[in-house]
Amino acid sequence: VKAAVLPLSKKLGDKAFYTNRTLTSVTLPASLKTIGANVFRGCSALTEVIWNEGLESIGTFAFGGTKLTKFVAPSTLKTIGVSAFNGVTALTEANLANVKSIKGTAFAGCTKLGTTAAGTRIVIPATVTEVGAGAFQNCTGFTRVDWYAVRLSSGAAGNKETPAFIGCTSITLARIYETAEYIPSYLFYKAADASNRKGITTLSFMNTSSAKEIGDYAFYQHRFAAVTFPATVT
């Protein structure tokens, strides 16, 4: 089977297409709510998934080892599981739409992520309440992060050992948008490489920023020479 149009169902069970090396394209049905763990893991020829509204969660390592180039989350998607797209080095675009939870190492090792015609960036929408440990670990393709997330749950930007953007040493610009009230601790910790003079050089708060608090180590060792804090920061 090279192309699959899946029948009506609510869940794709764990390892449903595990290591199928001939599958190139999949069309997901509108009835589908859950993609289980390892469903398409190791499908080394898979380059395209046609997503439909209705999907709510993607399981652990669901697309690990594929060659997907683009991921546009349905507006119904809430959870991207642990290592869901881990090591998908062909992935250039991830539109996260209304996602709430991006689990640990979800996009780790996606070295081309953000290298689209729209610019080398990743956008974290206002709906997000969790960006797990190492969620974007070693994603060196994007140079800019647009941060809209209002407030993450406690400890949900990784930790001192494995922060969300660890190893993302190509980032030079962080833009904090109007909706972001709290910048979590360790957010861009270890995304700088001080010894090679790499790191964020511009930290920009939008004019109508509502930022109130910046957590511990959030921008540790980055390289901006000046920052203008909004009046809302306490």
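Two strands count as paired if DSSP finds at least two bridges between them. Strands themselves are DSSP runs of E, at least two residues long, numbered from the N terminus.

With that in place, strand 12, residues 119–124, and strand 14, residues 144–147, pair in the parallel sense over 4 bridges. One bridge partner of the two is easy to find: Val123 is matched with Asp146 in strand 14.

Before going on, a note on the source. This is a predicted model, in which local features need pLDDT of at least 70 and side-chain atom pairs count only at pLDDT 80 or more, while totals for chains, interfaces and linings use all residues. Residues are numbered from 1 along each chain as its sequence is written, and side-chain values use heavy atoms, with hydrogens and water left out.

Back to the sheet. Strands 12 and 14 belong to an open sheet of 5 strands, in the order 11-12-14-15-17, with mixed pairing. Its edge strands are strand 11 (115–116) and strand 17 (202–205), each pairing on one side only. Strand 14 runs parallel to strand 15, joined by 4 bridges, and Val145 stands opposite Ala174 there. Strand 15 is in turn joined to strand 17 by 4 bridges, also parallel, with Leu173 and Thr202 as bridge partners.

Which side chains of strand 15 are buried? Buried means under 20% relative accessible area, exposed over 50%, and partly exposed in between, using a 1.4 Å probe and protein chains only. Ala174 and Ile176 point to one face and are buried, while Leu173 and Arg175 point to the other and are not.

Next, the core. A nonpolar core is a set of buried Ala, Val, Leu, Ile, Met, Phe, Trp, Tyr and Cys residues joined through side-chain atoms within 4.5 Å. The largest one has 66 residues, and Phe71, Phe85, Phe107, Phe136, Trp147 and Phe165 touch the most other members. Strands 12, 14, 15 and 17 each supply at least two residues of this core.

Last, a pair of rings. Rings of Phe, Tyr and Trp (its six-membered ring) pair if their centres lie within 6.5 Å; planes under 30 degrees apart count as stacked, over 60 as edge-to-face and the rest as tilted. The count comes to 22 aromatic pairs. Phe40 and Phe63 are stacked, 5.2 Å centre to centre with 15° between the planes. Phe40 lies in the loop between strands 4 and 5 and Phe63 in the loop between strands 6 and 7, so the pair ties together parts 23 residues apart in sequence. Both are buried.
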